[in-house]
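Trainee: I'm new to this structure and would like a close look at a single part. Could you take the first helix and walk me outward from there?

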Amino acid sequence: MKYTVVVCDHIHNAGLEMLKNDENINFVMAADIDKTELVEKIIPTADVAITRSSTDVDANFIKHAENMKAIVRAGVGVDNVDIPGCSKEGIIVMNVPTANTIAAVELTMTHMLSCMRMFPYSHDHLKNQRVWKREKWYGHEMKGKKLGVIGFGNIGSRVAKRAASFEMDIIAYDPYIHPSKVTDLDMTYTKNFEDILACDIITIHTPKNKETIGIIGEAEIAKMKDGVVLVNCARGDLYNEDALYNGLKSGKIRFAGIDVFGKEPATDNKLLDLDNIVVSPHLGANTYESQYNIGTQAANNAIEAAKGIAYPHAMNLPIDESKIPSFVKPFLEMGQKIGFLESQINKSQIISIKVKGYGEIGDYVDSLATFVAVGAMSDNCGDTINYVNADFVAKEKGISIESEDCGSSNVYKNLITIKLTTAEGTTAISATIFDDNVQRIVAIDGFDIEVALRGNMVMFKNTDIPGVIGSVGSTLAKNSVNISDFSLSRNDKSEALAVILVDDFVNEATLNELANLEACLSVSYARI
């Protein structure tokens, strides 16, 4: 089956190549097409759309998105996407929140250093004005200064780590994280916003929403110490621009480093009239590396969403993200992938889906079950399945969905087990997530086996006799299938299970050859 992915705005060519090279994707490049024509003639055919800031996903766009499963915003901000409108139509909205993390972190440090040493001004003085006047450019050192970090997520936390290497004292304010995320780094966590206002330098790294717009205004600036330095490389309007202007003009704020503005392009913004501000034209994602990451991650998200494998970084989840710990979301995405995997291993009419959670993830097992159901039913039920309608479709088709909180695990901090029962049999897979969000299967149908949850998988179950590995390897080699990883497990019934990750698509003829090997008990193939 072919799925249509429309690229509405320009992304890195590496992402386009991923879409072009996937045999299940009908790729439409529409970045240079008039937006009216795009919405009225191309969007109605799309299963998934990739957008950036040039395309507004508004009511008119959504009205024409008749067949759309998902929208991928190639970047972090979703200010131009009507998320509630998409949710009403069952369209999943995803972003790419970590692709430009390092670029934004390093730009923040650039602004911070530029403010402290007035580097752009001294550069201009010598380079453009040809004046050599060292005594004019006395700056300040960062060592020993207090840095207030508002928002301690992917970007804020990394800024803090880099600032710590300058021997700064870090104070973080973020009501949506556990304090240990800060204190484990030997930094100070505060719930009192006035602790931030007392810092020498303040940098902000929050999304733009009702809570954060104007979070720094006249009243907050008045409480700051004289000569404070403010940095904003996150979103425009987090600092009230009138208050920022007044503070800079009066000298209360000694210097500011600003990459984002309330209205962009900001060529006529009054902040540009001041001589104690360093500015850049929204360059947070402007590195070659981040554009590559954004393009490839957006393409991967679009492919997974089109096929129903997963909806990475979905913004309109069936649960309130602000009320779940950060470790939960990767488990939700992994659960959906496992559901999709099991539906390929066990191809038949689904009877039931049972999800067990061990450890802290057990508290969220009901939500996890919804994600598993989306993955399991997406390629099985002949319907468009998403987080909004999964429970309804399951009930309509007589599929039982169960969840169970099983308490603690003896081996893993958090573990999930997903059991899919169909008319042909049962498949059970257990999985966990290691450090740095590495997803791993740790058991399949009673076999303890560690496998990466990705790529092309051949699962070969056999009687445990000599020569099987060689026979399997020879068969794959004869059919030009290259093995990238081979994992093996045995049980006490003289049986073995091999999970083989391969670089290439495995056709039916090759699978039949494997099935006809003397020791073979079963063979299955799946693509994640």
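Mentor: Let's start at that helix, move into the core around it, and end with some charged pairs. A quick word on the ground rules: this is a predicted model, so local features need pLDDT of at least 70 and side-chain atom pairs count only at pLDDT 80 or more, while totals for chains, interfaces and linings use all residues. Residues are numbered from 1 along each chain as its sequence is written, and side-chain values use heavy atoms, with hydrogens and water left out.

Helix α1 covers residues 13-21, and its buried residues are Ala14, Gly15, Leu16 and Leu19. Helices (H or I, at least four residues) and strands (E, at least two) are DSSP runs, numbered from the N terminus. Buried means under 20% relative accessible area, exposed over 50%, and partly exposed in between, using a 1.4 Å probe and protein chains only. What do those buried residues pack against? They meet β1 (3-7), β2 (25-29), β3 (48-51) and α12 (288-307).

Pick out Leu19. Setting aside neighbours within four places in sequence, Leu19 is in contact (heavy atoms within 4.5 Å) with Val5, Val7, Ile25, Phe27, Ile50, Ala299 and Ile303. Leu19 is also among the residues with the most contacts inside the largest nonpolar core, along with Ile50, Tyr311, Leu341, Ile353 and Ile416. That core has 77 residues, and its largest share, 9 residues, comes from helix α14 (residues 365-377). A nonpolar core here is a set of buried Ala, Val, Leu, Ile, Met, Phe, Trp, Tyr and Cys residues joined through side-chain atoms within 4.5 Å.

Now look at strand β3, where you'll find Thr51. Thr51 has a relative accessible area of 0%, so it counts as buried. Not counting residues up to four places away in sequence, Thr51 touches Cys8, Asp9, Val57, Ile71, Val72, Arg73 and Ala74.

Finally, go over to α12. Its Glu304 forms a salt bridge with Lys337 (3.7 Å, N to O), the term meaning a side-chain nitrogen of Lys or Arg within 4 Å of a carboxyl oxygen of Asp or Glu. Lys337 sits in helix α13 (residues 328-345), 33 residues apart from Glu304 in the chain. Both Glu304 and Lys337 are buried. For a contrast, try Lys354 and Glu404, whose closest N and O atoms are 3.5 Å apart. Lys354 is partly exposed because its relative accessibility is 26%, and Glu404 is partly exposed at 32%. In total, the count comes to 16 salt bridges.
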